[in-house]
Amino acid sequence: MSRKVIITCAVTGAIHTPSMSKALPVTPQEIADAAVDAAEAGAAIVHLHARNPKTGQPDQSPEAFAPFLKIIKQRSNAVINLTTGGAPTMTVDERVRPAAVYKPEVASLNMGSMNFGFFGMLNRFKTFEHDWELKHLQNKDIVFRNTFQDIEYVLKTLAETGTRFEFECYDTAHLYNLAYFLDQGLVKPPLFIQTVFGLQGGTGAHPEDVLHMKRTADRLFGDKYVWSVLGAGRNQLPIAAMAAAMGGNIRVGLEDSLWAAPGRMASSNAEQVTLARKIVEGLGLEIATPDEARAMLDLKGGDKLEV
């Protein structure tokens, strides 16, 4: 039997702005449709943020999530993963609220503080519809705070919900932070580790960076983790291919990259999922269904989402 590969699709995020791509989902209906289409294309997990439907700004109020969560739950069997990252300008209390209210199967959790820079995108994108977009991208003074106290707060807030985590690790230090929480008994295997490459402020996207993160995770966690990769921007598919060949899983989506190929923007999240699926199947592997992903990650089941 072929190995199963989990494809996660992060459909909108908080980094890219509406003026960059007409394909970026903004309204609840657009986010719901994008998530369902991605699942139909082969994504087992959909990773979700909310936005203000008029301006496209990130919105981490639980009320902003409810409309699209209801639709996705009705129309899809996909594993729902809610962000606790929100946006770097939000407090940890703001960021954890949607997951605390809706108790999803999975919630993302950033495993360390870091500099965050979006300003490199101004080399390509020059015209913006909303005032907040340029201010958001120009900011060179962003520290994405994820202290030990913050991480512990999220873990303890969600401890009784049965929610498991997508541990987002942007550097090897974040893997060591996760090892600390494993030693403290605040997290339990199997750990779903999303190693992140190519974002300004995090580790790079060279193949050696991927190998180093994988070697470090292997040494720290052995058989106690499930490995996935996120390549930002143009790095999305090359890193996906490398990881799939190395035994890993894949995250794609317009949160992480607006591109489908060099010089060609993606028409949808589903297109990126389709491209990732071609890589997986081209390697003689199979994509995991949502229920297979649930078994691999020891999830509580989609019926436990409270929406």
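Biologist: Which strands does helix α8 lie across, and at about what angle does it run to β10?

Modeller: This is a predicted model: local features need pLDDT of at least 70, side-chain atom pairs need 80 or more, and totals for chains, interfaces and linings use all residues. Residues count from 1 along each chain as its sequence is written, and side-chain values use heavy atoms, leaving out hydrogens and water. Angles run from 0 to 180 degrees between N-to-C directions, with axes fitted to C-alpha atoms, for helices over the stretch in contact. Helix α8 (residues 236–245) lies across β9 (191–197), β10 and β11, and its angle to β10 is about 155°.

Biologist: How many bridges pair β10 with β11, and which residue in β11 partners Leu230?

Modeller: Helices (H or I, at least four residues) and strands (E, at least two) are DSSP runs numbered from the N terminus, and two strands pair if DSSP finds at least two bridges between them. Strands β10 (residues 225–231) and β11 (residues 249–252) pair in the parallel sense over 3 bridges. Across in β11, the bridge partner of Leu230 is Arg251.

Biologist: What order do the strands of the barrel follow?

Modeller: There are 8 strands closing into the barrel, with parallel pairing. From one strand to the next, the twist averages 25°. The order is β2-β3-β4-β5-β8-β9-β10-β11.

Biologist: Why are α6 and α7 called roughly parallel?

Modeller: Under 35 degrees counts as roughly parallel, over 145 as roughly antiparallel, 65 to 115 as roughly perpendicular and the rest as oblique. The axes of α6 (residues 172–183) and α7 (residues 207–221) come within 10 Å. They earn the label because they cross at roughly 15°.

Biologist: Which residues of α1 meet α9, and what handedness does the crossing have?

Modeller: Contact means heavy atoms within 4.5 Å, and on the α1 side that gives Ala34, Asp37, Ala38 and Ala41. Their partners in α9 are Asn269, Ala270, Val273, Thr274 and Arg277. A crossing is left-handed if the near helix is turned anticlockwise from the far one by less than a right angle, right-handed if clockwise. For α1 and α9, the crossing is right-handed.

Biologist: Which residue forms a salt bridge with Arg97, and how far apart are the closest N and O atoms?

Modeller: A salt bridge needs a side-chain nitrogen of Lys or Arg within 4 Å of a carboxyl oxygen of Asp or Glu, and the structure holds 17 of them. Arg97 and its partner are 4 residues apart in helix α3 (residues 92–102), which means about one helical turn. That partner is Asp93, and the closest N and O atoms are apart by 2.6 Å.
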